[in-house]
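Work through these exercises with the structure open beside you. Try each task before you read its solution.

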Amino acid sequence: MTDVHGTVEPGFESVREVFAEVAANEARDGGAQLAVHHRGRLVVDLWGGDGVDGDSLLGLYSSSKGVMALITALLVQEGVLDLDREVSSWWPEFAAEGKERITLRQLLAHRSGVIGADGGLSAEELADDRLIAARLAGQRPYWEPDTGHGYHALVIGALVGEVVLRATGRTVQELYEERVRAPYGIDYHLGLPEALEPRFRTALPLLPTPAEQAFLAANPIAPDSLMAVAFNFHADPPFDMVGYANSREVRERAPLSGGGVGTARGLSRMYAAIAGELDGRPPLLDPDTLAEVARIHSAGKDLVTGQENAFGLGFVPLATRYPSLSPAAVGHSGAPGSQAFADPATGLAYSYARRRFGFLAGPGAAENGRLVPAVVEAAAKAD
C-alpha cells in the first residue's frame with residue numbers, strides 16, 4: 001500500500017480513502033496530488049506515490065489553457081475584448097487565407113480550423129507563443145471556420161495570446177502574474193523561475209499494459225489526419241509530448257497551450273478565486289461573465305479527436321464529463337491525466353495532478369471519475 005500524506009478537514013475523510021486507492025493503483029508509478037478548496041478553504045491537501053510530495057512542481061500541460069481562459073474572460077468582463085469582434089481587427093496579419101471573419105468567440109470555442117501548420121511546427125516554435133502566432137498568421141484553416149469544432153491542442157494559447165497582446169500590449173503570462181498569481185500567492189506558474197527548478201519533477205511516459213499496448217498498436221494516428229496536425233505528429237521530428245514539459249525552455253517561456261508548471265494545491269487555489277470569495281475578495285468573474293464562458297459553444301463530434309466533447313469559451317464545461325457537477329463548473333484537463341475546475345454553484349475548486357501519463361488520459365485520467373463524486377458528496381454534507 002502506497003503511503004498517503006497530507007491533510008483533510010473533518011467530513012472529507014472519504015476523499016482521503018478514495019485517493020489512497022488511487023495512489024496505490026492508477027497513480028502509483030510516479031505519484032499524484034489532490035487539492036480541494038470549499039468556499040475558499042483548503043479542505044483536501046493530499047499526495048502519494050513515488051517521487052512526489054505536496055510541494056512538487058509538475059508539468060500540468062493543457063491546464064494552462066484554463067489560465068488563458070480566465071485572463072481572457074477578465075478582459076471581456078472589463079470591456080477590453082469583444083467576443084464577437086474579428087481576430088483580424090486586432091491582428092491584421094491573421095486575415096490571410098480566408099481567416100478575416102473568424103471571431104474571438106469562434107477561436108475560444110475551438111471553431112477556427114487553425115489547428116496547426118502545414119509541415120508541422122519546430123520544437124523552437126512550440127516553445128514560443130510569438131513564433132507560433134507568426135507562423136499561423138498565414139496558415140490556411142483545416143476546415144471552413146465555424147462549421148465544426150476541433151481541439152486546437154498546441155496552438156490555441158498562442159492564437160488567443162496574440163489577440164490579448166495586440167489589444168493590451170501585455171502577454172497573458174504577464175497579466176496572470178500581476179493580476180492573479182502574485183496577489184493570491186498561487187503556486188502555479190506561467191514561466192517557472194530558475195530558483196524554483198529544484199522543486200520540479202520530470203513528466204514520466206505512459207507504461208501501457210499489454211491490452212493498452214495492443215489498442216495503441218491497432219489504432220495508429222494517420223500522419224495525414226487532423227489529429228496528427230493538431231498534435232504536431234506530422235512534423236519531422238514529431239512532437240515529443242513527454243519531453244515538452246521536461247524542456248527548461250518550455251518551462252521558462254510557458255507557451256499558453258501547455259507550458260504551465262505547478263502543484264495541485266496551487267491550481268486549486270486559482271480556481272477557488274473563480275468559485276467564490278477567497279481571502280475576503282469577491283470572485284474574479286462576475287455571474288454574467290461566468291455564465292457566458294461556461295455556456296456550451298461547441299458540442300458533438302470533435303473533428304480532431306473523433307470523440308464526443310464540448311467546449312465553452314476557453315474553458316471546458318465539465319458537467320458533461322462529471323454529472324455530479326453543476327452546469328456552472330468550468331476548468332481544463334492536462335495530458336498526463338490532471339484535471340482542475342471551479343464549480344461556483346457549490347463553491348468547490350478541485351485539482352488533481354499526476355506525474356506519469358495515464359492511458360488516453362488527456363481529457364482527465366479515469367481516476368477523476370471516482371475522486372470528483374467523492375469530493376462533491378463530502379462538500380454537500382459539509383454544507
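The exercises below deal with a predicted model.

**Exercise 1. The seven-stranded sheet**

Task: Find the order of the seven strands in the open sheet, and name its edge strands.

Solution:
- Step 1. Trace the sheet from one side to the other. The order is β1-β3-β2-β13-β12-β11-β10.
- Step 2. Check the directions. The pairing is antiparallel.
- Step 3. Look for strands that pair on one side only. These are β1 (4–8) and β10.

**Exercise 2. A strand pair and a helix**

Task: State how many bridges join β2 to β13, and say which strands helix α1 touches.

Solution:
- Step 1. Locate the strands. β2 covers residues 32–38, and β13 covers residues 348–354.
- Step 2. Count the links. Seven bridges join the two strands, which run antiparallel.
- Step 3. Pick one bridge. Alanine 32 has arginine 354 in β13 as its partner.
- Step 4. Turn to helix α1, residues 13–24. This helix packs on the sheet and touches β1, β2, β3 (41–48) and β13.
- Step 5. Compare directions. The direction of α1 makes about 160° with that of β1.

**Exercise 3. The four-stranded sheet**

Task: Explain why β5 and β6 each have one side without a neighbour in the sheet.

Solution:
- Step 1. Write down the order of this open sheet. It is β5-β7-β4-β6, with mixed pairing.
- Step 2. Find the edges. β5 (188–189) and β6 (200–201) stand there, each with a single partner strand, so one side of each has no neighbour in the sheet.
- Step 3. Inspect β5 and its link to β7 (residues 261–262). Two bridges join these antiparallel strands.
- Step 4. Name a facing pair. Tyrosine 188 stands opposite glycine 262 in β7.

**Exercise 4. The largest pocket**

Task: Describe the lining of the largest pocket by residue class and by element.

Solution:
- Step 1. Start with the volume. The largest pocket holds about 1,600 Å³ of space.
- Step 2. Count the lining. There are 50 residues, and Met227, Phe231, Leu360, Gly362 and Pro363 lie nearest the centre.
- Step 3. Sort by class. The lining has 30 nonpolar, 16 polar and four charged residues.
- Step 4. Sort by element. Among those giving two or more residues are α9 (210–218), α11 (241–245) and β11 (330–334). β9 gives the most, with four residues.

**Exercise 5. An aromatic pair**

Task: Classify the pair formed by phenylalanine 215 and phenylalanine 359.

Solution:
- Step 1. Take the distance. The rings are 5.9 Å apart, centre to centre.
- Step 2. Take the angle. The planes make 85°. Planes over 60 degrees apart count as edge-to-face, and this pair is edge-to-face.
- Step 3. Place both residues. Phenylalanine 215 is in α9 and phenylalanine 359 is in the loop between β13 and α15 (368–382), so the pair ties together parts 144 residues apart in sequence.

**Exercise 6. Two backbone details**

Task: Which peptide bond is cis, and which residue has a positive phi although it is not a glycine?

Solution:
- Step 1. Go to the loop between α10 (226–230) and α11, where proline 237 is found. The bond from aspartate 236 to proline 237 is cis, with omega near 5°.
- Step 2. Go to the loop between α6 (129–137) and α7 (156–168), where aspartate 146 lies. Aspartate 146 has a positive phi of about 70°.

Technical notes: Residues are numbered from 1 along each chain as its sequence is written. This is a predicted model: local features need pLDDT of at least 70, side-chain atom pairs count only at pLDDT 80 or more; totals for chains, interfaces and linings use all residues. Side-chain values use heavy atoms; hydrogens and water are left out. On a 1 Å grid over the protein atoms alone, a cavity is a set of points where a 1.4 Å probe fits but cannot get out, and a pocket is an open set with protein on both sides within 12 Å along at least five of seven lines; lining residues have an atom within 4 Å of a point. Grid points are joined across faces, edges and corners, and a volume is the space filled by probe spheres set on the points. Ala, Val, Leu, Ile, Met, Phe, Trp, Tyr, Cys and Pro count as nonpolar, Asp, Glu, Lys and Arg as charged, and the others, Gly among them, as polar. Two strands pair if DSSP finds at least two bridges between them. Contact means heavy atoms within 4.5 Å. Axes are lines fitted to C-alpha atoms, for helices over the stretch in contact, and angles run from 0 to 180 degrees between N-to-C directions. Rings of Phe, Tyr and Trp (its six-membered ring) pair if their centres lie within 6.5 Å; planes under 30 degrees apart count as stacked, over 60 as edge-to-face and the rest as tilted.
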